[in-house]
Amino acid sequence: MTSSNGQTGQYDLVIIGSGPGGYIAAVRANQLGLKTAIVERESLGGVCLNWGCIPSKALLRSAEVLSLFQHAKDFGITVSGVQADYGAAIERCNTIIDRQTKGVGFLMKKNKVDVYRGTARLESPQQVVVEGPDGTQTISTRNVMIATGSRVRLVPGMSPEQVDGKKIITSKEVWQLRDQPKSVIIIGGGPIGVEFATVYRSYGSEVTIVEMLPRLVPLEDEEISSTLTREFKKRGINIMTSTKVLNINNGAENEPVSVQVEANGGQKQTIQAERVLLGIGFAPNSENLGLEKLGVNIQRGFIQIDDNMQTNVPGIYAIGDVTGKLALAHVASAQGVVAAEAIAGHKPYRLDYNKMPRCTYSHPNIASIGLTEAQCKEQGIEVKVGKFLFNPNGKAQAMGEASGFVKIVTDAKYGQVLGAHMIGPEVVELIGEFSVTMTMEGTKEELALSVHPHPTLSEVLAEAALAVDGESLNA
């Protein structure tokens, strides 16, 4: 088997996996003069472009437009005869997926990156065996980068066969189903769960979220969780926290799916729905790559790396979800750039995972970066906190999206911004300002003194900075 453009031979770098970490690393490697190949067993773009980030945001946009129609009267518009076509929304998502994956293919050709289709394994740090539809081939390389990502984690005790793609699904099977379920149980109250809850509820489905931990989005600030819970309950979403899934029964063909759950106090019950969506997280794809044979350090399935993304075996690098650092597409991309620069002999920027923005595209949006107030207290850091609501903001009022807040956590002595936590309109677009601020070790004063245009949602960021010292101007 040869690459997609017919070339074989010695490479400076072979990347296994073409997600947002792998393909960005390939582009950067080419820019640095490295002869590069990429191996992909499924579709270019990985989970993010094909089943995750991109299609889910397209579906969320459809849900947002539908919600606007449903509240048109609030904006002085009378609308009648609106029909929601869930299947058409899924078709739109698939059209965007196709466009995006073709775009990655174009980038590979433009940057002279050879693409091999098939499943890869390492025979040595310098030899990658690719088994594909056209046979088996060994590729020689000076360096290998593992960018194989992750897969959806199943509920303990479930068999893979239970995920039938119809009644029990993951975020991967969603895009093949055109029918909207009348009822759905979402297992997991993290980002995946609350995003799909937003979609399904907007289309009128009865939604139940089952979360084992005490609150939704449990890795976020506690006030974020309580605000999201309140907003979800207003929309009629049933929330079961501190609740463990004991087993799932697919049922007969025309029967609902049954989920047996147990609350923290030991009370058991069975709930039913037309469909169950698994959203409890991801497991790393580190198996069957030949890494153990080569002595690569793997702990709990995650490949261990240094600051340059290199493993304990020289010439073998790893990036993205498979490293267990922070399972976000933009983190994988940043890691890919660092690894490519290290391989090329440059001195790359050292990533600080604490300064990586985290976004959840539910309604309302959630975005955060850095430490929470509770984490600072656990670490013995004395902090001052500023908080400002979206409600007084003119732009938020004009949008009809005035719920939520911005909270800033700062060092008590110097005012350095240590974290920011937001829930409300378009906060996923606002978090980048905090990313820049924290990268530059900025302070609350610098954030407050930066003039923010009026009327914009960004004014709330400056007001929150002023609120640290009780000096907000619009509250």
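Which residue forms a salt bridge with lysine 293, and how many Å apart are the closest N and O atoms? Here are some notes on this predicted model, starting with that pair.

1. The partner of lysine 293 is glutamate 123, and their closest N and O atoms are 3.8 Å apart. Lysine 293 sits in the loop between β17 (282-284) and β18 (298-299), while glutamate 123 belongs to strand β4 (residues 119-124), so this salt bridge ties together parts that are 170 residues apart in sequence. Lysine 293 counts as exposed, at 57% relative accessibility, and glutamate 123 is partly exposed, with a relative accessible area of 34%.

2. Next, have a look at glutamate 223. One salt bridge runs from glutamate 223 to lysine 387, with the closest N and O atoms 2.4 Å apart. Glutamate 223 is in helix α6 (residues 222-234) and lysine 387 in strand β23 (residues 383-389), so the contact ties together parts that are 164 residues apart in sequence. Both ends are partly exposed: glutamate 223 has 29% relative accessibility, and lysine 387 has a relative accessible area of 36%.

3. Glutamate 223 also forms a salt bridge with lysine 407, where the closest N and O atoms are 2.6 Å apart. This pair, too, links distant parts of the chain: helix α6 holds glutamate 223 and strand β24 (residues 405-411) holds lysine 407, 184 residues apart. Lysine 407 is buried, because its relative accessible area of 4% falls under 20%.

4. Stepping back, a search of the whole structure gives 22 salt bridges. Shared partners join Arg121, Glu123, Glu131 and Lys293 into one salt-bridge network, and the pair from point 1 belongs to it.

5. On to the rings: the model has five aromatic pairs. One of them is formed by tyrosine 86 and tyrosine 203, edge-to-face, with 5.3 Å centre to centre and 85° between the planes. Tyrosine 86 lies in helix α4 (residues 86-110) and tyrosine 203 in the loop between α5 (191-202) and β11 (206-210), so the pair ties together parts 117 residues apart in sequence. Both of these tyrosines are buried.

6. Which aromatic cluster includes Tyr86 and Tyr203? They form one cluster with Trp175, Phe196 and Tyr200.

7. Finally, two lysines are worth viewing against rings. Lysine 172 lies over the face of tryptophan 51, 4.4 Å from the ring centre. Lysine 387, already met as a salt-bridge partner of glutamate 223, lies over the face of phenylalanine 405, at 4.5 Å from the ring centre.

Notes: Residues numbered from 1 in each chain as written. Predicted model: local features only at pLDDT ≥ 70, side-chain atom pairs only at ≥ 80, totals over all residues. Heavy atoms only, no water. Salt bridge = Lys/Arg side-chain N within 4 Å of Asp/Glu carboxyl O. Helix = DSSP H or I, 4+ residues; strand = E, 2+ residues; numbered from the N terminus. Buried < 20%, exposed > 50% of the residue type's maximum accessible area, 1.4 Å probe, protein only. Phe/Tyr/Trp six-rings, centres within 6.5 Å; stacked < 30°, edge-to-face > 60°. Lys NZ or Arg CZ within 6 Å of the ring centre and 35° of its normal.
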